[in-house]
Amino acid sequence: MSQISVNNLTFYYEGSFDPVFENSSFSIDTDWKLGLIGRNGKGKTTFLKLLLGKYSYQGVISAATAFDYFPYQITERQMELPAAEFIEEVKPGCEDWRVICELSQLSEEAEILYRPFRALSGGEQTKVLLAVLFSGENEFLLVDEPTNHLDETAREIVKKYLASKKGFILVSHDRDLLDACTDHVLVLNRQTIEVQRGNFSTWWENKQRRDQFVLAENQKHQKEIGKLRMAAARTSEWADKNERTKIGFDPVKEHDRFLGTRSYIAAKTKKMQSRVKQMEKRLEHEIEEKEGLLADLEQSVDLKLVNLTHHKERLVNIRNFGIRYRDADKLVFENVTFAISAGERVALHGRNGCGKSTLIKLLLRETGNTDSQIAETENKAALIWDGVFETASGLVISYVPQDTSGLKGSLTAFCERRNLEQSLFFAILRQLDFERSQFMKNMQEYSEGQKKKVLLAASLLTPAHLYLWDEPLNYIDVFSRMQLEKLILQYRPTLLFVEHDIRFREKIATKTVEL
């Protein structure tokens with residue numbers, strides 16, 4: 001057991017005026033199961049890369065331990081090979097037998113190490129890489145978003161596996177995972193960094209109590225500021241009025257006044273002006289305290305949504321429906337029956353590869369809604385299906401895809417392609433805690449969470465009868481997830497979605513369809 005100490009850490013990306021970290025200091029223990037929490041773009045992955053020595057920085061990071069990072073970068077050449085043939089390349093000194101022991105804890109057989117890596121499912125690939133990561137000794141492990149794109153079964157296995165380990169930092173926005181796997185949290189607040197004992201829920205409860213206290217204290221400061229401003233204005237007015245009486249007087253009305261009175265008035269005025277200066281100093285102090293209180297306050301702005309109303313109550317009707325690809329022998333799924341009526345929020349649920357995304361893309365295509373985020377090959381996929389697949393005529397759909405790789409160029413060009421009102425689009429991004437400085441960057445420079453917010457903002461700005469969201473929360477921070485939950489529960493859009501975040505699905509779905 002040892003400590004990692006960070007002292008006066010300051011880091012800027014080249015060409016950026018805004019620091020990711022500025023004079024930050026804290027310590028963490030290498031024996032902890034540490035959850036790293038913060039909004040998108042606050043520097044979570046950047047901090048992990050600083051620990052790895054990937055970037056130059058100011059300040060000191062001292063650690064008596066080695067680090068290793070998940071996910072490993074797998075090359076195209078390695079994708080064609082079995083993992084057993086390249087694990088030594090991604091983790092020098094890694095031994096097969098240790099990886100096999102770790103795989104058994106992840107409910108996987110050793111044989112997946114000897115199949116081409118590309119042929120493995122997303123869940124199997126994640127498990128292999130996690131097994132490689134934890135096969136070393138005397139390392140502090142940096143685990144970055146291990147459950148994105150994993151189905152619920154795979155998530156549960158990874159959750160239990162990480163819960164049995166220690167000595168790692170876990171970056172995740174999945175509240176259920178953070179609660180199950182962490183005993184401390186490192187939180188990148190808006191302006192400060194805090195380390196706290198407990199899991200996500202413990203920290204969140206403490207934060208809500210602290211935020212309530214901050215709001216109450218802020219109201220007290222506001223009242224004090226108001227009183228001081230009124231008193232300062234009144235005293236200043238008295239001082240000015242008194243000052244004007246120094247020269248000239250009416251001997252009839254002011255018979256008791258003489259020339260020596262002038263120095264008395266000047267002294268009295270000076271005393272009043274001194275009081276004004278003291279009040280102004282107190283005012284500045286109160287304002288500084290108020291701003292300090294509000295520095296880390298999370299007050300998410302309520303999002304808005306414009307639903308279109310269709311003349312039909314039932315928008316989609318699917319009965320005894322099955323799909324397979326023309327060149328495949330096996331069905332993707334079969335005998336699926338469900339309907340979507342106005343106001344319903346339907347969750348598609350099932351293991352990876354069971355056809356959830358295929359069904360959503362088919363629905364997009366059959367209703368005549370096209371989207372630049374769907375690859376041409378996916379749009380023209382040779383599907384064979386049977387059963388009933390009916391949609392209401394003139395159905396307008398707003399779509400959020402899984403994949404963000406198509407996002408390139410400027411936000412202005414993106415708005416032009418999508419026919420979005422730019423000022424409204426930027427306003428929604430600001431409500432999702434996008435910094436204004438990000439608006440001028442190309443989207444290739446965004447984090448995955450920021451790219452996902454671009455897609456969500458576009459969907460929210462597009463009036464529709466039906467919203468199709470395919471894993472919308474991948475990489476999205478906890479605070480924005482809560483914003484979206486509140487939005488959906490308030491506006492009750494008609495929604496068909498795929499999402500592996502258990503808490504989000506349980507809160508939002510009015511019914512679940514198992515594939």
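**Helices H4 and H5**

Select helix H4 (residues 96–105) and helix H5 (residues 122–133), whose axes come within 8 Å and cross at roughly 125°. The two helices H4 and H5 are therefore oblique to each other. Angles under 35 degrees count as roughly parallel, over 145 as roughly antiparallel, 65 to 115 as roughly perpendicular and the rest as oblique. The axes are lines fitted to C-alpha atoms, for helices over the stretch in contact, and the angles run from 0 to 180 degrees between N-to-C directions. Helices (H or I, at least four residues) and strands (E, at least two) are DSSP runs, numbered from the N terminus.

The crossing of H4 and H5 is right-handed; this term applies if the near helix is turned clockwise from the far one by less than a right angle, and left-handed applies if anticlockwise. Now display the side chains at the contact (heavy atoms within 4.5 Å). H4 contributes Val 99, Glu 102 and Leu 103, and H5 contributes Lys 127, Val 128, Ala 131 and Val 132. By class, the contact of H4 with H5 has five nonpolar, no polar and two charged residues. Here Ala, Val, Leu, Ile, Met, Phe, Trp, Tyr, Cys and Pro count as nonpolar, Asp, Glu, Lys and Arg as charged, and the others, Gly among them, as polar.

The model is predicted: local features need pLDDT of at least 70, side-chain atom pairs count only at pLDDT 80 or more, and totals for chains, interfaces and linings use all residues. Residues are numbered from 1 along each chain as its sequence is written, and side-chain values use heavy atoms, with hydrogens and water left out.

**The loop after H4**

Next, select Ser 107, in the loop between H4 and H5. Ser 107 has a positive phi of about 60° although it is not a glycine. Is Ser 107 buried or exposed? With a relative accessible area of 53%, Ser 107 is exposed. Buried means under 20% relative accessible area, exposed over 50%, and partly exposed in between (1.4 Å probe, protein chains only).

Asn 335, in strand S11 (residues 333–341), also merits selection. Asn 335 is not a glycine, yet its phi is positive, at about 55°. Its relative accessibility is 58%, so Asn 335 counts as exposed.

**Tyr 12 and a cis peptide bond**

Move to Tyr 12, in the loop between strand S1 (3–11) and strand S2 (21–29). Tyr 12 is partly exposed, with a relative accessible area of 37%. Not counting residues up to four places away in sequence, Tyr 12 touches Phe 17, Asp 18, Pro 19 and Glu 22. Add Tyr 57 to the selection: Tyr 12 and Tyr 57 are 45 residues apart in sequence, and their C-alpha atoms are 7.8 Å apart in space.

Then select Phe 70 and Pro 71, which are joined by a cis peptide bond with omega of about 10°. Pro 71 lies in the loop between strand S5 (66–70) and helix H2 (76–79).

**Aromatic pairs**

How many aromatic pairs does a search of the whole structure find? The search finds 23. Rings of Phe, Tyr and Trp (its six-membered ring) pair if their centres lie within 6.5 Å; planes under 30 degrees apart count as stacked, over 60 as edge-to-face and the rest as tilted.

Select Phe 414 and Phe 425, whose ring centres are 5.7 Å apart and whose planes are at 35°, so the pair is tilted. This pair links distant parts of the chain, with Phe 414 in helix H12 (residues 411–418) and Phe 425 in helix H13 (residues 422–431), 11 residues apart. Phe 414 counts as buried at 1% relative accessibility, and Phe 425 counts as buried at 0%. Extend the selection to Phe 426, Phe 434, Phe 439 and Tyr 446, which ring pairs link with Phe 414 and Phe 425 into a cluster.

**Helices H12 and H14**

Keep H12 in view and add helix H14 (residues 448–461); the two pack at an angle of about 35°, with their axes 12 Å apart. The crossing of H12 and H14 is right-handed. Leu 411, Phe 414 and Arg 418 of H12 make the contact with Val 454, Leu 455 and Ala 458 of H14. The residues of this contact between H12 and H14 divide into five nonpolar, no polar and one charged.

**The whole protein**

Finally, show the entire model, which has 16 helices and 17 strands. Of the 515 residues of the protein, 49% count as buried.
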